[in-house]
Each structure stands twice: as structure tokens, then as C-alpha cells.
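Let's take a friendly walk through a protein together. Keep the sequence and the 3D view side by side as you read.

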Amino acid sequence: LFADITAKPGMGALFDRLVGPTIATRETPIIQAMIAPAIAEFGPTLKHVVLDLTAITFINSGGLGMLVDARSRATKHSNAKVILLGPSVDLQNLLKMVKFDKLFTIAKNADELAKAMGR
């Protein structure tokens, strides 16, 4: 199991806790195959897709592509915002280096997540 996905319809949110420590060639298609239908099945009230990266220590280019795919699907489905939760300092640096801090909302902790979700 590479991801634990929980739908919270009352919050308009889909929470996806990615199970680490890595997201690489083997994990990427499996996680995509889990996230894509979860987004599609949520319905038009989807506002936020939260990808919890707290357990992730390494992500390769395929994993970065998977994040972009999730963003594309969420935006296309219901203009939902994708929030990356709890990336390590190393992952934050990687995300900034590839300019993902411009594509995604990055919440370092639960307080920042609540603020990003307007709570």
C-alpha cells in the first residue's frame, strides 16, 4: 500500500497520505492509479486535494510528474486546489528548485493546512 486515501465530502476534501519513504519508478503508477479514480469519484464539490508528504524522504522525476498529474486532474475535475502537506526541508528545497512552489500550495504543518483550506 503506497497511499491511504480518505474522502471528506463535508469538507470538500480528498486526503491522500503517501506512504514512504520514496516515490520513484515503482510507486508512481500505483499511486496515480489510486488518486485518479478518487478524484473522479468525488464529485463536483471537491475543493481540495491534500497530498500528505510527511512520510516521504525521496521523490524522483516520475513522482514529480505524478504530482503534476494529480494537480491537472483536480483542476480539470472541479477546479480543486492541490495542497502538499509536510514536505521535509530537502523536499521543500527540491520543490522550490523545480518551481513547484508556484504550482502547488505547500503547507508545512496542520496550521498552515487549515489556513490554506480557509478554515
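Which residue in E7 is the bridge partner of Ile83? The partner is Thr105. Before we follow that pairing further, please keep in mind that you are looking at a predicted model.

Let's begin with the strands. Ile83 and Thr105 give us a way in, because they are bridge partners and E6 is largely enclosed by the rest of the structure, with four of its five residues buried. E6 and strand E7, which covers residues 105-107, pair in the parallel sense over three bridges. E6 also has a partner in E4: these two strands run parallel and are joined by five bridges. To find this pairing on your screen, look for Val49, which stands opposite Val82 in E6. Another pair to look for is Leu51 and its bridge partner in E6, Leu84.

Now stay with E4 and turn to E2. E2 and E4 pair in the parallel sense, again over five bridges. Here Phe15 has Val50 in E4 as its bridge partner. So how many of the residues of E4 are buried? Five of its five residues are, and the strand is mostly covered. A general rule helps here: in a regular strand the side chains alternate between the two faces of the sheet. In E4, His48, Val50 and Asp52 are on one side, Val49 and Leu51 are on the other, and both faces are covered.

Next, let's look at what gathers in the interior. In soluble globular proteins, nonpolar side chains tend to be buried together. The largest nonpolar core of this model has 28 residues, and those that touch the most other members are Leu18, Val49, Leu51, Leu67 and Leu84. Two or more residues of this core come from each of strand E2 (13-18), helix H1 (27-42), strand E4 (48-52), H2, strand E6 (81-85) and H3. There is also a second, separate core of nine residues, which includes Phe15, Val50, Ala107 and Leu113. Leu18 is a good residue to click on: leaving aside neighbours within four places in sequence, its contacts include Phe2, Ile31, Leu53 and Met66.

Met66 brings us to helix H2, which spans residues 61-78. H2 has 18 residues and reaches 26 Å from its first C-alpha to its last, close to the 26 Å expected at 1.5 Å a residue. Its buried residues are Gly63, Leu64, Met66, Leu67, Ala70, Ala74 and Ser78. Seen down the axis of H2, these buried residues fall within an arc of 155°, so they line one face of the helix. Why can residues spread along a helix share a face? An α-helix has 3.6 residues a turn, so residues three or four places apart point the same way. On the other side of H2, Ser61 and Lys76 are exposed.

The ends of H2 deserve a look too. At the N-terminal end, Asn60 acts as a cap, with a side-chain oxygen 3.0 Å from the backbone nitrogen of Gly62. After H2 comes Asn79, found in the loop between H2 and E6. Asn79 has a phi near 55°, a positive value in a residue other than glycine. Is Asn79 buried or exposed? Asn79 counts as exposed because its relative accessibility is 62%.

Two other loops hold details to find. In the loop between E2 and strand E3 (22-23) you will meet Pro21. A cis peptide bond joins Gly20 and Pro21, with omega at about 15°. In the loop between H3 and helix H4 (100-103) sits Lys99. Lys99 is not a glycine, yet its phi is positive, about 65°. With a relative accessibility of 53%, Lys99 counts as exposed.

Our last stop is helix H3, residues 89-97, where you will find Gln92. Gln92 is buried, because its relative accessible area is 14%, and the cut-off for buried is under 20%. Not counting residues up to four places away in sequence, Gln92 touches Pro87 and Lys108.

Key
Residues numbered from 1 in each chain as written. Predicted model: local features only at pLDDT ≥ 70, side-chain atom pairs only at ≥ 80, totals over all residues. Heavy atoms only, no water. Buried < 20%, exposed > 50% of the residue type's maximum accessible area, 1.4 Å probe, protein only. Contact = heavy atoms within 4.5 Å. Expected span 1.5 Å × (residues − 1). Arc of directions from axis to C-beta. Polar contact = N/O pair within 3.5 Å; in protein donor to acceptor, adjacent residues only side chain to side chain. Core = buried A, V, L, I, M, F, W, Y, C linked by side-chain atoms within 4.5 Å. Pairing = 2+ DSSP bridges.
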